[in-house]
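Reader: I should like to learn how to read side-chain pairings and helix packing in a model. Please give the general idea first and then the case at hand.

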Amino acid sequence: MGPHPAVAAIRLAVRRTLADLAAEAGVPVAAPVRAPQSRPAAAALVPAGATTLIGNARRHPSGLPRTPAAPGSPLVLVAVSGGADSMALATATAFEAPKLGLRVGAVTVDHGLQAGSAERAEQVAVRLRELGLDPVEAVPVRVGRDGGPENAARDARYAALDAAADRHGALAVLLGHTRDDQAETVLLGLARGSGARSLAGMPAQKGRYRRPLLELDRAATRQACSAQSIPVWDDPHNSDPAYTRARVRHEVLPVLEKHLGGGVVEALARTARLFRDDADALDQWAALAERDLRTVEGSLDVGRLAELPPAVRRRVLRRAALRAGCPAGDLFARHLESVDLLVTGWRGQGPLHLPGGVEATRRCGTLVFRRQSD
C-alpha cells in the first residue's frame, strides 16, 4: 500500500526541487534505500512518528529505513516553524534527500514575540532531529520595528536563515509556502497597488531559497502531517486579526470563495505565475535600459528615459531608487508615479523625498537619486 495521496504529492514536489539542486551541485544520484525483503512486516512494528536506528539507517515515519547521505555531501536546510506546512516539507525532505545524495538540516527561528517561544522552538528542533535532520538549530532573533511587525519579523527571520546557510555552507534553504500563501500575497499586492511585480507573488526560486510546495494547497500539508502522525503547532499570530495577512486568510479569502465560487485561491496563484513571466521580461528590459541610460556621473538621461514605454521606464526608476538606498518594501507605485512626472511632466518641480531618506531631483536634463545625508 502506497503513501497517503497528500504525502505522495508533497514528496514528489520536494523530489523535483532536490533533483534540480543535486544536478546543479553535480551530485550523482544515489540508489534508493529499500526495506529488507526478508522482513516485510518490519514497518508495521514501528509506531507512527517513531524514529529508531537500524545499523546506520534511520527509520522514517513512513516506516522505511533511510540511510543518510555520506558526511560531506551537499547540505540542504529547511526553514521550519513547527506548523503543518514546514513540518510536512521537512518530513518529505528527510525522506527524499538521501536518495539523491544530499544531507538535510533545519533551522527554526525563535522570534521571541510570545511567551514560551524559546521552549517551543527547542521542541520543534527535537522533533526535527528525531526525523534524522542534522544539523538542526533553534535560532533566537531580535525583531525590530521598521516596516511594521510583519515585515520586521520577516526581515529578522531571513537574516537568521541567511546566516545559518552561510555558516553551514548550504546549497539552498527550502521554504514551506503553499498555494494559499501565494494567493494571500497576490491579494496583499493588489491592495498595496504596487504593480505587476507585487502581483507576481513569491517566486519558486530566488537566490538560495526554494519553495517546493507553491503548487500545493495548505490542506495537503495538514493531511500529510495527520497521515504520518507528525505533531504540528499552530501559531496564534496566524489567526490574530491584528496582522494583515491573518485578516486576508480568515476574512477576505473566505468571502471571495463564498461569493465568487470555489477556485479563487488557485486562480490567484495562476495569476501570479502569469504576472511573473511578464514581470521577468520587463525587468530584463529595464536592466538593459538602465545600463544604457546611466551617465558617467551615475544619473539618468531624462530625454532617453521619456522614450521608454511607461512600464519599462518606471522599472528603471525603481531600480535607480533602490540603488540609492530606498527600502524595497516601502517603495510603492505612488512614489514611482511622482518620480515619473519629473520625466514626463516637468514643470520645475523641486526634489522628491522617497522612503529611506532618498531624494530624486531633475537637474540639467538628468535625473539624480541620492541619499539626503550624502
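Author: The dialogue below takes up charged pairs, helices and rings in turn. This is a predicted model, in which local features need pLDDT of at least 70 and side-chain atom pairs count only at pLDDT 80 or more, while totals for chains, interfaces and linings use all residues. Residues are numbered from 1 along each chain as its sequence is written, and side-chain values use heavy atoms, with hydrogens and water left out.

Reader: How many salt bridges are there?

Author: Side chains of opposite charge can pair when their charged atoms come close. A salt bridge here is a side-chain nitrogen of Lys or Arg within 4 Å of a carboxyl oxygen of Asp or Glu. By this rule the count comes to 24 salt bridges. One of them joins the side chains of Asp85 and Arg218, at 3.9 Å from N to O. This pair links distant parts of the chain, with Asp85 in helix 2 (residues 84–96) and Arg218 in helix 7 (residues 218–227), 133 residues apart. Helices (H or I, at least four residues) and strands (E, at least two) are DSSP runs, numbered from the N terminus.

Reader: Why does Asp85 count as buried?

Author: Buried means under 20% relative accessible area, exposed over 50%, and partly exposed in between (1.4 Å probe, protein chains only). Asp85 counts as buried because its relative accessibility is 16%. Arg218, at 17%, is buried as well.

Reader: Which residue forms a salt bridge with Arg179?

Author: The partner is Asp217, with the closest N and O atoms 3.6 Å apart. Arg179 lies in helix 5 (residues 179–192) and Asp217 in the loop between strand 9 and helix 7, so the pair ties together parts that are 38 residues apart in sequence. Arg179 is buried, at 18% relative accessible area, whereas Asp217, at 29%, is partly exposed.

Reader: Which residues are linked in a network of salt bridges?

Author: The network consists of Asp85, Asp181, Glu184, Arg218, Arg245 and Arg249. Within this group, Glu184 and Arg249 meet in a salt bridge of 2.9 Å, N to O. Glu184 lies in helix 5 and Arg249 in helix 8 (residues 244–260), so this pair ties together parts that are 65 residues apart in sequence. Both Glu184 and Arg249 are buried.

Reader: What do the buried residues of helix 5 pack against?

Author: An α-helix has 3.6 residues a turn, so residues three or four places apart point the same way. In helix 5, 11 of the 14 residues are buried, including Asp181, Glu184 and Leu188. The buried residues pack against helix 2, helix 6 (196–199), helix 7, helix 8 and helix 9 (264–293), where contact means heavy atoms within 4.5 Å. As for helix 2, 13 of its 13 residues are buried.

Reader: How many aromatic pairs are there?

Author: A pair of aromatic rings is described by the distance of the centres and the angle of the planes. Rings of Phe, Tyr and Trp (its six-membered ring) pair if their centres lie within 6.5 Å; planes under 30 degrees apart count as stacked, over 60 as edge-to-face and the rest as tilted. The count comes to one aromatic pair. Tyr158 and Tyr209 are edge-to-face, at 5.1 Å centre to centre and 75 degrees between the planes. Tyr158 lies in helix 4 (residues 148–168) and Tyr209 in strand 9 (residues 209–210), so the pair ties together parts that are 51 residues apart in sequence. Both Tyr158 and Tyr209 are buried.
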